[in-house]
Amino acid sequence: MRTVFVTVVVLIVGCGGGSSGKPGPRDVQVSPVGSESPSPMPDEAAISLPEITNSIGMRLKLIRAGEFLMGSPETEAGRSDDEKLHRVRIAKAFYLGIHEVTRGQFAAFVKETGYRTEAESDGMGGYGVDEQGNFPQKPAYTWRTPGFSQTDEHPVVLVSWNDAGAFIRWLNNREQAEYRLPTEAEWEYACRAGTTTSYSNGDNPEQLALIGNIADASLAGKFAAWPWPIIAARDGYVFTAPVGSFLANGFGLHDMHGNVWEWCQDGYDPGAYNSRTGITADPFVKSGTYRVLGGGSWGTGAADCRAARRGINDPRNRTINDGFRVARSGIE
Ligand SMILES: [Ca+2]
């Protein structure tokens, strides 16, 4: 199965296809501990890249134009066949949120607009996790009441791709700016921050605990039968963590791995990478039944947190591990 954890969508590539009414895991496979890859500390020069703070206190980092290898090498543990390695040019600089959009920032939007998320407006709620570690959809599960404790500094969850779009339209209206979701290519470029390894700090899943909140020993202590791989390391969080709780990557961005899956603009096209040759400038898949997410979440295994992983979900879906961060264009 190739779906984002806790989702109604079951995709299609390599699993016989079709949709399901139940959540399901992706084809997760955690690589062995003991990689020789180093665990670099963030590059101080990169972290000092220009930064802006917007009208709701959101900090965004300038991400410079450049080229990178998108996707993963065939030797990468846990990879999928939709990740063919290819060269991509990000032609224009853009700003990207240093952090995922927080519950407090989303609350400011709701307070000003009266917006009701899809989980609230259709009365169905979203997908949460109960005490037994099952993933039911319930009206009670919304961004306000995800079923676990959150402060305003935690990433907002249970927001659909459409809800993220509504937040961004509000922000653009408020600031007369050009906020948007990052493209899939921009997201991976920013996540990698110049690295070519599975994660921005190497290939060792156990070292993910230094830079992100994933399914770890903390989670295992609460849910004995969690259906996804769990690293032995302890990151200290069963559910979401306050944004910025872990080390930044080389571009000064926090939580690109773990915490919440982050919605990208793109539709999901499983064959998109295979069709690209040479250097592809600013690839963007405009349409698609499903939308792409990056980075994995607090509940997902390490392989799903890889920079190259292409998470997939229906744009109307809302779960306790999907959130987003915003990009801003119109630079230079
Ligand atoms: Ca964790």
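Two residues are in contact if their C-beta atoms, placed from the backbone, lie within 7 Å of each other. With that in mind, the tour can start from the whole chain.

**The whole chain**

Residues are numbered from 1 along each chain as its sequence is written. What is on the screen is a predicted model, in which local features need pLDDT of at least 70 and side-chain atom pairs count only at pLDDT 80 or more, while totals for chains, interfaces and linings use all residues. Here pLDDT is the predictor's confidence in each residue, from 0 to 100, and its mean over the protein chain is 88, with 85% of the residues reaching 70 or more.

Select residues 1-40 before anything else: pLDDT stays under 50 there, although the model has 111 contacts beyond four places in sequence for this stretch. Where pLDDT is low, the predicted coordinates should not be read in detail.

Now show the chain as a cartoon, with its 7 helices and 14 strands; helices (H or I, at least four residues) and strands (E, at least two) are DSSP runs, numbered from the N terminus. Of the 332 residues in the protein chain, 53% are buried, a residue being called buried if 20 or more other C-beta atoms lie within 10 Å of its own, exposed if 12 or fewer, and partly exposed in between, with C-beta atoms placed from the backbone. Among contacts in the protein chain with a separation of 6 or more, 72% are between residues 24 or more positions apart.

**The sheet around strand 9**

Select strand 9, residues 261-267, where 6 of the 7 residues are buried. Strand 9 belongs to an open sheet of 4 strands in the order 12-11-9-13, with mixed pairing, where two strands pair if DSSP finds at least two bridges between them. Strand 12 (311-313) and strand 13 stand at the edges with a single partner strand each, so one side of each is left without a neighbour in the sheet.

Add strand 13, residues 322-323, which runs parallel to strand 9 and is joined to it by 2 bridges; here W261 stands opposite D322. Then add strand 11, residues 291-294, which runs antiparallel to strand 9 and is joined to it by 3 bridges. In this pairing E262 has G294 as its bridge partner, and W263 stands opposite L293.

**A second sheet**

Move to the 3 strands that form an open sheet in the order 3-4-10, again with mixed pairing. The edge strands, each pairing on one side only, are strand 3 (66-70) and strand 10 (279-281). Strand 3 and strand 4 (residues 86-90) pair in the antiparallel sense over 5 bridges, and M70 stands opposite H86 in strand 4.

**From V101 into helix 2**

Select V101, in the loop between strand 5 (94-97) and helix 2 (103-113). Is V101 buried or exposed? V101 is buried, because 26 other C-beta atoms lie within 10 Å. Not counting residues up to four places away in sequence, V101 touches F106, P155, V156, F167, G323, F324, R325 and V326. V101 and E153, though 52 residues apart in sequence, are 8.9 Å apart in space, C-alpha to C-alpha.

Continue into helix 2, where R103, Q105, F106, A108 and F109 are buried; the buried residues of this helix pack against helix 4 (161-175). Just after helix 2, G114 takes a positive phi of about 75°.

**The nonpolar core and helix 5**

A nonpolar core is a set of buried Ala, Val, Leu, Ile, Met, Phe, Trp, Tyr and Cys residues joined through C-beta atoms within 7 Å. The largest one has 75 residues, and those with the most contacts inside it are L96, A164, L181, A190, L208 and V326. Centre the view on L96, which, leaving aside its neighbours within four places in sequence, is in contact with L60, K61, I63, P182, A190, L253, R325 and A327.

From A190, widen the selection to helix 5 (residues 184-192), where 9 of the 9 residues are buried. Just after helix 5, A193 takes a positive phi of about 50°.

**Two loop residues to end on**

Most residues other than glycine have a negative phi, and most peptide bonds are trans. Q176, in the loop between helix 4 and strand 8 (179-180), has a positive phi near 50°, and Q176 is exposed, with 6 other C-beta atoms within 10 Å. D255, in the loop between helix 7 (217-222) and strand 9, has a positive phi of about 65°, but D255 is buried, with 31 other C-beta atoms within 10 Å.
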